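Visitor: I'd like to know how the labels people put on a model like this one are justified. Could you take me through the reasoning?

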Amino acid sequence: MSVAEILDSMDYGPAPESADQAEDWLDGHQRKFGIFIDGQWRAPKGRKRFETLNPATSQPLAHIAQASNADVDAAVAAARKALPKWAKLGTHGRARILYALARLLQKHARLFAVVETMDNGKPIRETRDIDIPLAIRHFYHHAGWAQMLDDEFPGMEAHGVVGQIIPWNFPLLMLAWKVAPALAAGNTVVLKPAEFTSLTTLLFAEICEEAGLPAGVLNIVTGDGRVGELIVRHDDVNKIAFTGSTDVGRLIREATAGSGKALTLELGGKSPLIVFEDADLDSAVEGVVDGIWFNQGQVCCAGSRLLVQENVADRFIAKLKARMETLRVGDPLDKAVDIGAIIAPVQLDRIKALVDSGVQDGAELWQPSWACPKDGWFYPPTLFTNVSPAATIAQEEIFGPVLSAMTFRTPSEAVGLANNTRYGLAASIWSESLNLALDIAPKLKAGVVWVNGTNMFDAACGFGGYRESGFGREGGKEGMVEYLRPAFRAKLPLYAEKKPAPEIKPPAADTHVDRTAKMYVGGKQARPDSGYSRPVLAPNGRLIAEVGEGNRKDIRNAVEAARKAASWSLSTGHLRAQILYYVAENLDARREEFIARIRAMTGARSAAAAKEVETSVQRLFTYAAWADKFDAAVHNPPMRGVTLAMNEPLGIIGMTCPDELPLLGFVSLVAPAIAMGNCVIAVPSEPHPLSATDFYQVLDTSDVPGGVVNIVTGDSAALISVLAQHDEVDAVWCVGDAQTGTDVERLSTGNLKRTWVNHGRRPDWYDNRQAEGRAFLARATQVKNIWVPYGE
Amino acid sequence: MTSDSLLAMGPTRRSTLKHLEMCNPGTALQLDWLRDVRVNRSAVERRAATMGTRRSVKKAWQAAWLLKAVTCIDLTTLSGDDTPGKVRRMCAKARQPVRQDLLDTLGVGDKGLTVGAVCVYHNMIQTAVDALKGSDIPVAAVSTGFPAGLSPLETRLREIELSVAAGAKEIDIVIDRGLVLTGQWEEMYDQVRAFKDACGDAHLKTILGTGDLNTLRNVGKASLVCMMAGADFIKTSTGKESVNATLPVSLVMIRAIREYRERTGHVVGFKPAGGISTAKASLEYLVMMKEELGRPWMEPNLFRFGASSLLGDIERQLEHHVTGRYSANNRHPMA
């Protein structure tokens, strides 16, 4: 085209980023890659390989190794072997290597960007300006955590060998999010990139060699989902970190149940983007662009549900459509392209099918007037209006450039619609009113909330989901914790086999009126639905009392009561502290009664029972003290603004309590949960439930609102299983034998609840370092990062 | 000519219009509209920062875009030491902003390519008009007590009348920034209205002095008041404030232009001024105009750069495009 013609049209011409060096790099490897184990490149056992394709051209780029069972074994063995020398390097030694990795990434930034764009199909603008810089920042930031590890995480140690499985949508960035904290914490890694996008991971392995990373500290096995499964099921892996779909997340949760592997899952989403009438609408339009047309919408936290206040909806949608006309879809290596190619035909088909379903469900489809390129796998930016909340496109993660718009009338309706999803990854709020935005942010069920922004990320800020978007955080201090465990844990003894219950003997002749221990639901004493009772025996088998035989309906009722008490989470920390002090005070007043009860049930000596009651009072004091002190953090990402890392209660926690100290065990679990604003369904010790049922009288007299603590007695393994499967329960804590813990983990997948099980290990409830404090509070909360950029 | 017929006109025809052939009649002052102005600074800055990273023009496209930028320049001299000789030299440059051999090589030698206007103080209008005789390059005059705009209203109005009488086709007025800072919108509206009336057939460009307005919200509101009062162009800066044209400020102003057109149907032009001295920066502004307002706003009748040193950098870049060698200042005639 001539200059004169362009002067007339003023079109954008082609602005290609050169692929020459990336092609040279591929050619230098004969377009054939091995796996990286113990610092060595190896051909995969069986020499199986598959092609990785360029989504923008559908042409092959290279052949990638399909790792075998033996390869995964070798990788895990190498990682295990490397642990001692990696540990011996010390915090500073590891910090130096992470720093070197950051520097090397920076030095080769453009090569990484171009290779990523070729392999993934995302625009070079994004890889160059977002993915790669964020990955570099992650390594810099975590070099810092490595340096400060001992001071900032006292009493913690690395898990050991960590298996990491990353997705194809941000290949190098997800590598950074996984590898940097794992290495900073002193773990060694077996990493599997997504089969569609292995190349930047393999390039990264090359700079690891250059950075002097000891052999075996990072091992890379490529291949399809089967390789991931081998890692997940490997006996010698201590932790799994996964980013990907919610369905696969569920499979991993099931597969790792009872294995003792720590687990973090970063899964799907259907994140709302809420535009209030007082928003800067033009800026909010750009927020939508960054929200749903970033990376072709193939973003777990994509703002795929647009909620607009009704009175500005028409104007906003008109502005949005005008903006969509100016988006450019095409060759992702072109520097003036906004939307690149969809990763693979299978994803493109899925997007098309979901869009068809949207049309069938009666939503109104709108796409810009221009056409997408024909070669490669492209899909135009797509807007649905008149979407009903029940429509598939309002509920299902599309993972493509498709936006579903709905309207709302009031802030509370916006919150209702926003939370009307199984997911809870991210949310974005557009309003010029600080009052409104900061009122809405805590009400959204999402791990990340952006105020007047979308898709902002930084190494200093935790990222991760609520609900079925997974658990665990990546980034910030909250992310580092996920790669560490208390050093004492591995040394804990296992619970002994349960002794068979003694034969029942009739109760001792007693002059007392028969007192019936009931269950406690919604602040009221409740008889069991079953109409049956179960005996409570002294160690010698003598019948002490009977308690209700709880069943699934009792659990259902208790969960319902807990839901109704949800406003407990909104009460002030000061109020919760006062109530916990009051509970302690009333327990202390009845200490003799509780001592006697413990002795009767467990046969404990008087001094031991007194110690248990006294420690329980102290523990209540501890959590009364904490209730108004487990402060949020303010992170400092590189922007003008703050990120508030709020500790929010999980919601409803179901728990089983240990047998060995029936009062202290109960208090040690219930108190931190309610101190943080959760409601609890506690299943007391099965053989010794009376300390808990006595306790409801203490609760009744201490102003604990009904429904905050619910107590259901009975077969604890059966009851906790019901809790684990209840989709309204947000978390389950299980202290007991290994099998029950395994069941709880396995059964928790319905809504991917947070589980905390002891894997059959017995903590020392009298050791405050083990049995109280921050670790418990962290389990009772999840961190929500609220990004608040500011500036007038 | 109505705004719609002008926008419907093909780009070739439109680009031959040297004068601002459209006129914004303005509207009544709408205070409720002003109250609704919302500008989120962080979000605006984010968008502005990606103007130059989301779009890129290379090779022939870059050359063409730079030539377009040349046609949108208000070649300006506003110094205390301006003399007729200096102004005449600048006018000669305005007629032939880029060396003819370069234009010939680029295949646009026959286009009669000139800058958009010449911008001077009142006492240089006559000199400029004479020097530009035979071309259709308009003379723009800064007016109304430029740059502070604080002389008596009577004086300011008279200054416009005299400049128009002297042959200025465009009048760049400065608003009283104090009126913005104190929210005296009625007073500001009345003043700009009076300036508009004083302009007669000449076109009114209102300089907001955005560096003095301090907040982007003020910029948005002041833009609207100027357009309601009949501004044909809104312009960022005098070039004398400590901060002049920036991309975020410009984004707020051009979004106001878009909003004003959507609500009233009237078309208003945009002129960033001060601090735009590189070819690269000029491309970022053109990208912003194309992205936010569309193709019609990439022509001199709706878009101008107020600049004195920008042209030199563009000339060097154009020569580089032609020869493949980096150029030097002394290879191009000075203004």
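Visitor: What makes the radius of gyration of chain B agree with a compact globule?
Guide: This is a predicted model, so the values are computed from its coordinates. The rule is 2.2 Å times the number of residues to the power 0.38. With 335 residues that puts a compact globule near 20 Å, and chain B has 19 Å, so the two agree. The C-alpha atoms of chain B fill a box of roughly 55 × 45 × 40 Å along the principal axes.

Visitor: Which share of chain B is called buried, and on what grounds?
Guide: A residue needs 20 or more other C-beta atoms within 10 Å of its own. In chain B, 59% of the 335 residues pass that test.

Visitor: What about its contacts and secondary structure?
Guide: Take contacts in chain B between residues at least 6 apart in sequence: 76% of them join residues at least 24 apart. Chain B has 17 helices and 8 strands.

Visitor: Over in chain A, how do you know which parts of domain 1 touch domain 2?
Guide: Two residues count as in contact if their C-beta atoms lie within 7 Å. The C-alpha centres of domain 1 and domain 2 of chain A lie 30 Å apart, and the contact takes 22 residues from domain 1 and 25 residues from domain 2. On the domain 1 side, helix 5 (109-120) and helix 6 (124-152) of chain A each supply at least two residues. Helix 6 of chain A gives the largest share, 8 residues.

Visitor: What is that side of domain 1 of chain A made of, by class?
Guide: It has 8 nonpolar, 9 polar and 5 charged residues.

Note on methods:
Residues are numbered from 1 along each chain as its sequence is written. Chains are lettered from A and ligands numbered from 1 in the order in which they are written. This is a predicted model: local features need pLDDT of at least 70, side-chain atom pairs count only at pLDDT 80 or more; totals for chains, interfaces and linings use all residues. Domain bounds come from an automatic or database domain assignment. Helices (H or I, at least four residues) and strands (E, at least two) are DSSP runs, numbered from the N terminus. Ala, Val, Leu, Ile, Met, Phe, Trp, Tyr, Cys and Pro count as nonpolar, Asp, Glu, Lys and Arg as charged, and the others, Gly among them, as polar. A residue is buried if 20 or more other C-beta atoms lie within 10 Å of its own, exposed if 12 or fewer, and partly exposed in between; C-beta atoms are placed from the backbone.
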